[in-house]
Amino acid sequence: MQKRRHFLRSLGRGAALATAGSLGLSWTETFAALKPLGRPQPFDFAALKGQARALSAAPYVARPDRLPASVAALDWDQYQSMQFRSDHALWADQDARFRAKFFHLGLFFKKPVRMYEVASGQAQELAYDPAMFDYGQSGLKAGALPADLGFAGFRLNFHTDPVRDAAAFLGASYFRAVGSEWQYGQSARGLAIDTGMDRPEEFPDFVSYYLERPAPGSNTLVVYALLDSPSVSGAYRFAITPGDTQVMDIDAALYPRKAIERLGIAPCTSMFQHGENDHRMANDWRSEIHDTDGLAMWRGNGEWVWRPLTNPPNLQFNAFTDKSPRGFGLVQRDRNFDHYQDDGVFYDRRPSLWVEPKSDWGEGSIQLVEIPTNDETFDNIVAFWNPDRKPQPGQEWLVGYRLYWGAQPPARSALAHCVATRTGLGGVVGKPRPYFSWRFAVDFTGGELSRLGRDAKVEAVITASRGKVEITSARPLEAIDGWRAMFDLKPEDTSTQAITLRLFLRHEGKPLTETWLYQYVPPAVADRKVV
């Protein structure tokens with residue numbers, strides 16, 4: 001996961017450096033015809049489901065990952081120097097608003113995926129052709145590469161910006177997209193299996209992609225994908241519509257080969273190294289480093305919940321039980337450049353990702369896995385839906401949802417929302433600290449907060465699973481036109497197990513804010529310093 005992220009981070013940097021002058025440019029007028037492989041075959045989503053079902057009924061066969069020695073030996077700089085030739089892009093000869101370009105195998109991407117174009121109900125496989133690529137400083141010779149080498153994945157361009165990517169599908173079942181700021185950040189996956197457990201995680205692969213030729217003038221591109229892994233096979237349909245918020249309308253059919261203990265639907269994968277709430281790894285000159293700063297949840301009962309992310313000392317797993325969730329996602333709420341000072345990868349521009357079920361998902365839990373990291377190139381945050389009722393071998397399990405990639409989620413509570421969580425040593429300034437405690441300052445803005453008078457009786461409603469909550473307050477914060485809740489937590493035992501905190505602001509018996517959830521890990525007793 002770490003190596004893949006390092007590669008995709010470079011994609012984000014490349015996109016960010018594209019000139020603003022590229023916006024609105026027309027496509028290149030030159031093109032080179034792509035080579036077909038074999039004969040076209042009838043194709044639709046039902047046929048792909050049938051193919052996935054047939055796969056699941058047979059023993060799993062791993063795809064080969066042996067590359068020619070010259071390709072396997074590529075280092076980082078050599079692989080990066082290879083570029084797909086724009087005149088070979090899929091639909092370069094069509095009056096279409098999309099272009100598809102392919103990734104070369106090599107480096108971390110060793111398993112070939114099959115690429116098809118779908119047109120008029122027929123799927124035509126596309127042949128790898130060395131002429132598609134400018135091999136740059138890679139040292140590879142086009143004539144020395146096998147004609148059946150294959151591709152690693154693909155990327156999409158949209159007519160509003162022919163240079164920067166709108167989306168990319170690359171590695172296992174990972175994919176990424178951008179919103180209005182044209183900046184890559186977190187990833188999504190087709191499926192997560194046994195994430196955060198005491199055994200290796202299983203990473204299903206998209207083994208074939210079927211790209212449907214878009215109609216002239218269409219702003220939506222349909223992509224199909226065939227998924228396979230030791231535990232499950234599946235068929236996916238993506239309807240991709242770029243925009244200020246890019247929307248992916250997804251339908252999936254899953255066919256398990258065996259029972260799956262922890263099934264992750266609509267997994268979001270991100271990075272959190274440190275932020276204003278978590279200084280454990282804050283040894284960098286930049287004050288914050290993260291793709292996203294919180295997990296937002298709109299529960300089935302209508303409650304809005306905000307869970308700030310952390311970089312814990314040990315793997316941390318949380319399951320938020322729910323019924324018929326309305327949405328969830330990993331969100332980058334803090335979009336102030338001054339808080340990051342990163343002019344290379346622009347964490348302030350990273351897209352949020354919101355998951356919206358298209359039907360009633362029933363009972364289950366939104367699950368969050370936080371893995372320790374000391375490196376910003378490591379994806380250490382995963383969030384997904386885990387249904388209570390798991391699909392069983394021999395069954396077909398259908399699920400549909402929409403993904404929204406953009407600065408902020410499309411759904412938002414009418415209540416005030418949390419905009420910052422800060423933590424530090426507790427106690428009263430100017431007085432000796434008789435014991436160790438930890439301070440929390442939580443800022444809210446929006447909703448009715450700006451309309452409250454300074455003397456309004458606002459109450460901070462705080463609960464803790466362990467320890468003593470003390471020195472509580474709620475007061476206006478003019479700098480953000482909102483309110484700040486503040487309290488100390490005093491651990492009352494020697495345990496270093498996480499303490500769950502819950503907070504919201506209330507006025508005249510009614511909630512003013514979404515619910516803030518947090519997990520605080522007390523230090524070992526020997527490390528509970530008071531100065």
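Biologist: Over how many bridges do strand β28 (residues 438–445) and strand β31 (residues 482–490) pair?
Modeller: This is a predicted model, so every answer here rests on prediction. The two strands, β28 and β31, run antiparallel. One facing pair is A441 and M486, the latter in β31. The count of bridges between β28 and β31 is eight.

Biologist: Which strands are the edges of the open sheet that holds β28 and β31?
Modeller: The sheet has four strands, with antiparallel pairing. Their order is β27-β28-β31-β30. An edge strand pairs on one side only. The edges are therefore β27 (417–425) and β30 (468–477).

Biologist: What does the twist average from one strand to the next in the sheet β27-β28-β31-β30?
Modeller: The sheet is open, with four strands in antiparallel pairing. From one strand to the next, the average twist is 15 degrees.

Biologist: How many helices and strands does the chain have?
Modeller: Both kinds of element are present in the chain. The tally is four helices and 34 strands.

Biologist: Why is the chain said to be as compact as a globular protein of that length?
Modeller: The globule rule gives 24 Å for 531 residues. The radius of gyration of the chain is close to that, so the chain is as compact as a globular protein of that length. Along the principal axes, the C-alpha trace spans about 80 × 50 × 45 Å. The radius of gyration itself is 25 Å.

Biologist: What percentage of contacts between residues at least 6 apart in sequence joins residues at least 24 apart?
Modeller: First, some context on the chain. Of its 531 residues, 56% count as buried. Its accessible surface comes to about 22100 Å², with 50% belonging to carbon and sulfur atoms. For the contacts asked about, the share is 71%.

Biologist: Why is strand β15 (residues 246–256) described as largely enclosed by the rest of the structure?
Modeller: A residue counts as buried under 20% relative accessible area. Strand β15 has eleven residues, and most of its length meets the buried criterion, so the strand is largely enclosed. The number of buried residues in β15 is nine.

Biologist: Which strand forms a hairpin with β15?
Modeller: β15 pairs antiparallel with strand β26 (residues 397–406) over nine bridges, where Q246 has W405 as bridge partner. Ten bridges join β15 to strand β14 (residues 232–241), also antiparallel, and A239 is partnered there with D249. Four residues lie between the two strands of the hairpin. The hairpin partner of β15 is β14.

Biologist: Is R257 buried or exposed?
Modeller: R257 sits in the loop between β15 and β16 (263–270). Its relative accessibility is 16%. The cut-off for buried is under 20%, so R257 counts as buried.

Biologist: Which residue has a side chain joined to that of R257 by a polar contact of 2.8 Å?
Modeller: Leaving aside neighbours within four places in sequence, R257 touches residues including L55, Y60, V232 and P393. A polar atom of the R257 side chain lies 3.0 Å from the backbone oxygen of A58. The side-chain partner at 2.8 Å is D228.

Biologist: What is the relative accessible area of S187?
Modeller: S187 lies in strand β10 (residues 187–189). A polar contact of 3.0 Å joins its side chain to that of R176. S187 is buried, and its relative accessible area is 0%.

Technical notes:
Residues are numbered from 1 along each chain as its sequence is written. This is a predicted model: local features need pLDDT of at least 70, side-chain atom pairs count only at pLDDT 80 or more; totals for chains, interfaces and linings use all residues. Side-chain values use heavy atoms; hydrogens and water are left out. Buried means under 20% relative accessible area, exposed over 50%, partly exposed in between (1.4 Å probe, protein chains only). A polar contact is a pair of N or O atoms within 3.5 Å; within protein, one must be able to donate a hydrogen and the other to accept it, and residues adjacent in sequence count only if both atoms are side-chain atoms. Axes are lines fitted to C-alpha atoms, for helices over the stretch in contact, and angles run from 0 to 180 degrees between N-to-C directions. The radius of gyration is taken over C-alpha atoms; the globule rule is 2.2 Å times the number of residues to the power 0.38. Contact means heavy atoms within 4.5 Å. Accessible areas come from the Shrake-Rupley method with a 1.4 Å probe; for residues, only the protein chains shown count as cover.
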